[in-house]
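Take a look at the model below. We will start with two cysteines, then move out to the whole chain, its salt bridges and a few single residues.

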Amino acid sequence: FLNTRNGIVSMLATRQFIPTKSRDPQDHLSINNNEETDSILSPFNEDASFLLPSVYNPKTFLDDVFSRSDAPAAIKFAHGTTTLGFVFKHGIIIAVDSRSTMGTYIASRTVKKVIEINPYLLGTMAGGAADCSFWERELGRQCRLYELRNKERISVAAASNILGNIVYHYRNYGLSMGTMIAGWDKTGPNLYYVDDDGTRLKGKLFSVGSGSPYAYGVLDTNYKWDMELDEAYELGRRAVYHATHRDAASGGIINVYHVQQDGWVKISADDSNDLHWDKYSTEKLLQPVEMSLG
């Protein structure tokens, strides 16, 4: 099995693939179809498939192996991250941390969790780093092919639809993805959430990852549509900081991006520890404390 999986990894690395036709007949149903994405997804209809392990049922293989009485302890995937995005009058703010964890082990503090799909589209990573990185880079390739065929940029809706259809075809195969696709097209700024079940939602504000409850607390309190640029940058930065302060699986560098009409711009990259000791902890000490008895 390990050799087979290594074979899959090698194949992914060379990008020699066509997205699979699922073995479940119902998997041929597409969650979202329109003319714009049908032309891009035409390779899905070819009589070819992604290389899968040579077992009876790849979908249930791990469950079958680890359900045996003599099996070792089951593999448990523990993820941790904080990513967020919100739309306001000047565009879209994307803010992320940079800590990568494997359970309680901090694997890296410098992971780039924003995938720069093209100059007008950004994607975020939450879940499995390999899954998010690989499929969002493949999304970038599909978007470029669309531009070459149609002589215009792909819309944010169509780009998110492509990613949603890809992961929908691979649902129950073990993908771990909670992503946001943010960009500016003919209709203005657009923000979509896409996860490994094929769920695709359009919204004004999302936060994804283990630190998202803390980030939502800051966002729900302070978010306004008519924020000025510096106010919006600070909101994104502060929301991720509070998540890194309370969530052990989030931390490292806080990266903030701004998606504008003429493309995205990286605004800042601040160490969360420096922000805490040099700025936010001092603010807490200076705030007056009001006490009420009874």
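Cys143 is buried, with a relative accessible area of 0%. Cys132 is buried as well, and its relative accessible area is 0%. How many disulfides does the structure hold? The answer is zero. Keep in mind that this is a predicted model.

**The whole chain**

The protein chain has eight helices and twelve strands. It contains 294 residues, and buried residues make up 47% of them. Its accessible surface comes to about 15,500 Å². Carbon and sulfur atoms hold 52% of that surface.

Now consider contacts with a separation of 6 or more. Of these, 66% are between residues 24 or more positions apart.

**Salt bridges**

The whole structure has 13 salt bridges. Three of them are listed here.

| Salt bridge | Closest N to O distance |
|---|---|
| Asp97 and Lys113 | 2.8 Å |
| Arg141 and Glu138 | 2.9 Å |
| Arg237 and Glu234 | 3.0 Å |

Start with Asp97 and Lys113, whose closest N and O atoms are 2.8 Å apart. The pair links distant parts of the chain, 16 residues apart. Asp97 is in the loop between strand E2 (91-96) and strand E3 (100-102). Lys113 is in the loop between strand E4 (105-108) and strand E5 (114-118). Are these two residues buried or exposed? Asp97 is buried, at 0% relative accessible area. Lys113 also counts as buried, at 4%.

Next come Arg141 and Glu138, whose side chains meet in a salt bridge. Both residues are in helix H4, three residues apart, so about one helical turn separates them. Arg141 counts as partly exposed, with 36% relative accessibility. Glu138, in contrast, is buried, with a relative accessible area of 1%.

Arg237 and Glu234 also sit three residues apart, in helix H7 (residues 229-246). That spacing is about one turn of the helix. Both residues are buried. Which residues belong to the network here? Salt bridges that share partners join Glu234, Arg237, Arg238, Asp270 and Lys279 into one network.

**A buried charge without a salt bridge**

Asp195 is in strand E8 (residues 188-195). It is buried, yet it has no salt bridge. Why not? A salt bridge needs a side-chain nitrogen of Lys or Arg within 4 Å of a carboxyl oxygen. The nearest side chain of opposite charge, Arg171, is 10.0 Å away from Asp195.

Asp195 does have a polar partner. A polar contact of 3.3 Å joins its side chain to that of Tyr193. Beyond its neighbours within four places in sequence, Asp195 is in contact with Val167, Met177 and Gly178.

**Two buried residues and their contacts**

Phe86 lies in strand E1 (residues 83-88). It counts as buried, at 0% relative accessibility. Phe86 and Phe206 are 120 residues apart in sequence, but their C-alpha atoms are 6.4 Å apart in space. Leaving aside neighbours within four places in sequence, Phe86 touches a long list of residues, among them Ile92, Ile93, Leu191, Leu205, Leu219, Tyr223 and Met227.

Val156 lies in helix H5. At 1% relative accessibility, Val156 counts as buried. Val156 and Gly188 are 32 residues apart in sequence, with 9.5 Å between their C-alpha atoms. Which residues is Val156 in contact with, leaving aside its neighbours within four places in sequence? They are Leu121, Ile181, Ala182, Gly183, Trp184, Asp185, Asn190 and Tyr192.

**Two loop residues with positive phi**

Now look at the backbone. Lys151 has a phi near 60°, a positive value in a residue other than glycine. It is in the loop between helix H4 (129-150) and helix H5 (156-169). Lys151 is exposed, with a relative accessible area of 70%.

Asn172 also has a positive phi, of about 70°, although it is not a glycine. Asn172 is in the loop between H5 and strand E7 (178-185). Is Asn172 buried or exposed? At 52% relative accessibility, Asn172 counts as exposed.

Key. Residues are numbered from 1 along each chain as its sequence is written. This is a predicted model: local features need pLDDT of at least 70, side-chain atom pairs count only at pLDDT 80 or more; totals for chains, interfaces and linings use all residues. Side-chain values use heavy atoms; hydrogens and water are left out. Helices (H or I, at least four residues) and strands (E, at least two) are DSSP runs, numbered from the N terminus. Buried means under 20% relative accessible area, exposed over 50%, partly exposed in between (1.4 Å probe, protein chains only). Lys and Arg count as positive and Asp and Glu as negative; His and the chain ends are not counted. A polar contact is a pair of N or O atoms within 3.5 Å; within protein, one must be able to donate a hydrogen and the other to accept it, and residues adjacent in sequence count only if both atoms are side-chain atoms. Contact means heavy atoms within 4.5 Å. A disulfide is a pair of cysteine sulfur atoms within 2.5 Å. Accessible areas come from the Shrake-Rupley method with a 1.4 Å probe; for residues, only the protein chains shown count as cover.
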